[in-house]
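Please open the model in a viewer and keep the selection panel at hand. The tour proceeds from the whole chain to a pair of helices and then to a single side chain.

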Amino acid sequence: MGALWTNYFFLLACCCGLGVGSPNTCDEVRKVFQLRQIGPNQLLISNPTQGSDLQVCISKNLTCCTKKMEEKYQVAARRDIQNLLQMSSTSLKFLISRNVAAFQETFESLMRQAENHTNAILQESYRSMADQAVGPMRELFTDIGLFLLGSELNVDELVQRFFDALFPLVYSHLINPGLSDISPGYAECVRSSRRDVRPFGGAPSLLADQIARSGVSGKLLLQALHLGIEVINTTDHLQLSRECRRALLKMNYCPHCQGLTQSKPCMGYCLNVMRGCLASMAEIDIHWREFVRSLEGLSARMQGTQDLEQVLLGIHMLLHDSVGHAQKNGPRLSAQVHKLCGPPNRKPAQSVSIQHSSSRESIPLKAPVRASGDSLAVRRRDFLSSLRHYRTYYGGLADQLCVTEPDYGDGLSCWNGTDIVKSYTLRVVGNGIKAQSANPEVKVKEADPVINQIIDKLKHINQT
């Protein structure tokens, strides 16, 4: 990202084969103007004139610019800096965008894997009810997935609803395996009694708590990454002040008016112009650094009960244990349901396949081993390792746009806004709004309100 500004114009000069323009002709200026498609050719002049109508590129010497050319140069200067800002942020924006997609894909993959493994456990352990449990199971994992991807769902309610639907199946197939096809009304009564008789112990509340804790962390991670993209998009399309636009014109195109098509701005001069233009952007720096630190903290907290991967791939075990708890307490639960719902209409089962599983050794309770490169933890670690390289991005952006190659800059011929000189002699100010009060090149009145809004969003997410 270094030397962007210098390289941008250096490459242009190389491609055009330009030299320092002659004061007696405007040929080189015309070539650059045409090659870069700055404006229509009819605006060009062949010989230098007084240029008394110029607003920014004012000179006591003859000039190759007219007022219409100056206006076109103004547009080109604005376009140049927009291109440079977008070039400088390309790799950062791609890094975040790529990982938003990767995290979402990993979430969805985990959901599918957890659902498939849980269904397999039911088939292995409780085959008689497994097929009927597929529907409620699919609804549970669909709701969890929607929650993780941003939907405002009540996690406790969606988990409780799943266990409500599961209880009639457990009751008729496992606790009272002689029952078959109990009436819809009785099944509804059993379902409604679930929260009173608590057949699954503390499992529903535990699962809801684990999904909520780990899911909130996962959702916050995605929200933070989307905000990161929003910050970059905002600064990529920064609205430049009138003073900034005039300063950029003066720095980059006013030399052309004097035939100096190959001149480069003095380092100190460029720093003052860019630090003035990007003063509001520099204010993002401290909050962007904190944003990176907060993502590191969030990632560090995503362990144990807040480890989404561990929670999702542990649902099969929690469900197996909760159904086993209901079987173990079958007589008590039957008595309670009888008291609440009365005796069911019993019909002999045509074909009952019952597998009371008391031996966990025969059940694949451990989650399948995932490739290390696919895990959320590995993805987070790799992403944060790359993001750390950009934690100072906004603090040094103005300087990065002005960094020159070793054989250019002060000490050699450079443009100071008025003439070609050996060095820039005015004071060079620092970064940020406050420092610009002494900027000799760009007057900065106040922070950009759009930048202030994006800073407020960063502050908010950094506090969560």
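**The chain as a whole**

Begin with the cartoon representation of this predicted model: the chain contains 18 helices and two strands. Next, colour the 464 residues by accessibility; 51% of them count as buried. On switching to a surface representation, the exposed area of the chain is about 21800 Å², of which carbon and sulfur atoms supply 50%. A contact map is also instructive: among contacts with a separation of 6 or more, 81% are between residues 24 or more positions apart.

**Helices α3 and α8**

Select residues 67-125, which form helix α3, together with residues 242-252, which form helix α8. Their axes lie 9 Å apart and the packing angle is about 100°. Because angles of 65 to 115 degrees count as roughly perpendicular, α3 is roughly perpendicular to α8.

Now display the side chains at this contact. On the α3 side, select E70, Y73, Q74, A77, R78 and I81; they meet R245, R246, L248 and L249 of α8. Classified by residue type, the contact of α3 with α8 comprises five nonpolar, four charged and one polar residue.

**Serine 217**

Move to helix α7, residues 203-236, and centre the view on S217. Is S217 buried or exposed? S217 counts as buried because its relative accessibility is 5%, and the cut-off for buried is under 20%.

Which residue offers a backbone oxygen to the side chain of S217? Select R213: its backbone oxygen is reached at 3.3 Å. Finally, add L298, M302 and Q306, which S217 touches when residues up to four places away in sequence are not counted.

Methods: Residues are numbered from 1 along each chain as its sequence is written. This is a predicted model: local features need pLDDT of at least 70, side-chain atom pairs count only at pLDDT 80 or more; totals for chains, interfaces and linings use all residues. Side-chain values use heavy atoms; hydrogens and water are left out. Axes are lines fitted to C-alpha atoms, for helices over the stretch in contact, and angles run from 0 to 180 degrees between N-to-C directions. Helices (H or I, at least four residues) and strands (E, at least two) are DSSP runs, numbered from the N terminus. Angles under 35 degrees count as roughly parallel, over 145 as roughly antiparallel, 65 to 115 as roughly perpendicular and the rest as oblique. Contact means heavy atoms within 4.5 Å. Ala, Val, Leu, Ile, Met, Phe, Trp, Tyr, Cys and Pro count as nonpolar, Asp, Glu, Lys and Arg as charged, and the others, Gly among them, as polar. Buried means under 20% relative accessible area, exposed over 50%, partly exposed in between (1.4 Å probe, protein chains only). Accessible areas come from the Shrake-Rupley method with a 1.4 Å probe; for residues, only the protein chains shown count as cover. A polar contact is a pair of N or O atoms within 3.5 Å; within protein, one must be able to donate a hydrogen and the other to accept it, and residues adjacent in sequence count only if both atoms are side-chain atoms.
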